[in-house]
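User: I would like a close look at one part of this model, with attention to how charged side chains pair up.

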Amino acid sequence: MDWLSLQRHYVASPGLPARAARLLALERVLSGTQYDVLPNPFSRERSGAGEYIPLALRRPSVRTNLCRIVVDEAVSLLFGDTHWPSLVAADSRTVRGLVAFARDVGLPSLMTEGAIRGAVGSVAILFEVAHHVPRLSILNTAYLTPRWDTQTGILLEVVERYQVIGHVLAEQGHVITSDMLEAHFWWKRVWDVDSCTVFVPTPLGEEPSVPDTLRSIHHGLGFVPIVWTRNLSTTGMGEPDGECTFERAIDTVIEADYLLSQAGRGLKYGSDPTLVLKTNGFPENDVRQGGAASALTLPPEGDAKLLEINGNAAGAVLAHYRELRQLVLEQLHGNRAHGDRLSAGQSGRALEMMSQPLIWLADRLRHSYGEGGLIPIYRMACRFSSVLEDGLYLGGEMVRSMDPNGLALHWPPWFAPGEMELLSLAQGLVAAWRGGILSRETAVRLYATATGNPDPSGEWDRVCAFMADDTAENEEF
């Protein structure tokens, strides 16, 4: 069975576009539930009527989840604890405000979750403000339809539309009659540059068209408070979704899952083989399984034997699986380094070379979720601070009119350098400074970045303060 055959088992919600069905199917792979729609466990070979159940109708007993593993590893290199990018801006006040903003809203964890969910093709982040306190949330783009200005690429409108059961609406405060509690309704919400309009839910077959005045708001921001990020793509217009990180390898992963499931089934079968009795016409009422389960008494013309599997098949299956795993990792640019082959004391450069394919993938993700995700979120925070009368409440104080000019990200090295690498770098920077090749400020920034310092600019300020204090002490003596 391949990916196209498996998708035919998924029931698509009527009324949703084909794009939504595709993204929802990919989300099943990402969450590891792509086989849950198949009706039979892998161990069930016969139906109640004695008919053989094809493998395509059985759930594999082994799920490698290689697609999710590669996505998690790439996102860890993208937004892990030691890989969060530092912010650079023309105004130092803006940097302090946005650093406080990222800390208050938990931006690193939110972007990590957004990059994982966006691996299917896209992710949308909703920016809301209540009582001057910002709040970010992730929206499922399978139910969203965006519209951009074809000239400028500015997001003009986002429509959210999906099905919901009546009793869920009743729990949210909607007026639903008792006979419609189990019925399906359309939920619709529209964001534009001036307002967020929520429509009254309507049963399937009717399109929501009556605005819910109690739940709709007029924000008057002049922009849509949603940041739309395309996976593995930085284009501002065109298709709403970028390339899926793992789609090209799904067929191979399915093959590997069924192969390992068959291997496990074969090993269990070999441990307890089926017993075949040849009675030469004499009836045998007892159906026996398990070679050494009991002693048998057969007529002189009878015969008994075990259906066994050659043990060499297990080794061949595992060798074939290893080849499939390598193929998947090559297709997805995953990490093919084995932990048991690593020695202690590896330098950062050595680890980088061993993980080069995964770094290439994470490098592309930096463009998508850095220039296409983090920077737009920071710019939107600056716009909120200018549009709202009193600005945003960040870091325990009100911050107004942050300047977005010069916003840029400074990414840390992929792996922390070793002690000898840091010593060599420090000696090289000192020699370059003394030789007039670069300034002391640049040397300090480069060394601070190499050591994983999240604030290279602040490090230079502290060095200047230290040198000023040292000069003052020497003058006193």
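With which residue does D36 form a salt bridge, and how far apart are the closest N and O atoms?

Analyst: In this predicted model, the partner of D36 is R63, and the closest N and O atoms of this salt bridge are 3.0 Å apart. D36 sits in the loop between α2 and β1, while R63 belongs to the loop between β2 (58–59) and α3 (66–79), so the salt bridge ties together parts that are 27 residues apart in sequence. Both ends are partly exposed: D36 has a relative accessibility of 44%, and R63 has a relative accessible area of 28%.

The strand β1 that borders the loop of D36 covers residues 40–41 and includes N40. N40 is buried, because its relative accessible area of 11% falls under the 20% cut-off. The side chain of N40 makes a polar contact of 3.2 Å with the side chain of R44, and, leaving aside neighbours within four places in sequence, N40 is in contact with I53, L57, R58 and R59.

The helix α2 on the other side of that loop spans residues 18–31 and contains R19. The side chain of R19 meets that of D241 in a salt bridge with an N to O distance of 2.6 Å. This pair links distant parts of the chain, 222 residues apart, with D241 placed in the loop between β12 (226–230) and α7 (250–271). D241 is buried, with a relative accessible area of 15%. The structure as a whole holds 14 salt bridges, among them the pair of D36 and R63 and the pair of R19 and D241.

Definitions and conventions: Residues numbered from 1 in each chain as written. Predicted model: local features only at pLDDT ≥ 70, side-chain atom pairs only at ≥ 80, totals over all residues. Heavy atoms only, no water. Helix = DSSP H or I, 4+ residues; strand = E, 2+ residues; numbered from the N terminus. Buried < 20%, exposed > 50% of the residue type's maximum accessible area, 1.4 Å probe, protein only. Polar contact = N/O pair within 3.5 Å; in protein donor to acceptor, adjacent residues only side chain to side chain. Contact = heavy atoms within 4.5 Å. Salt bridge = Lys/Arg side-chain N within 4 Å of Asp/Glu carboxyl O.
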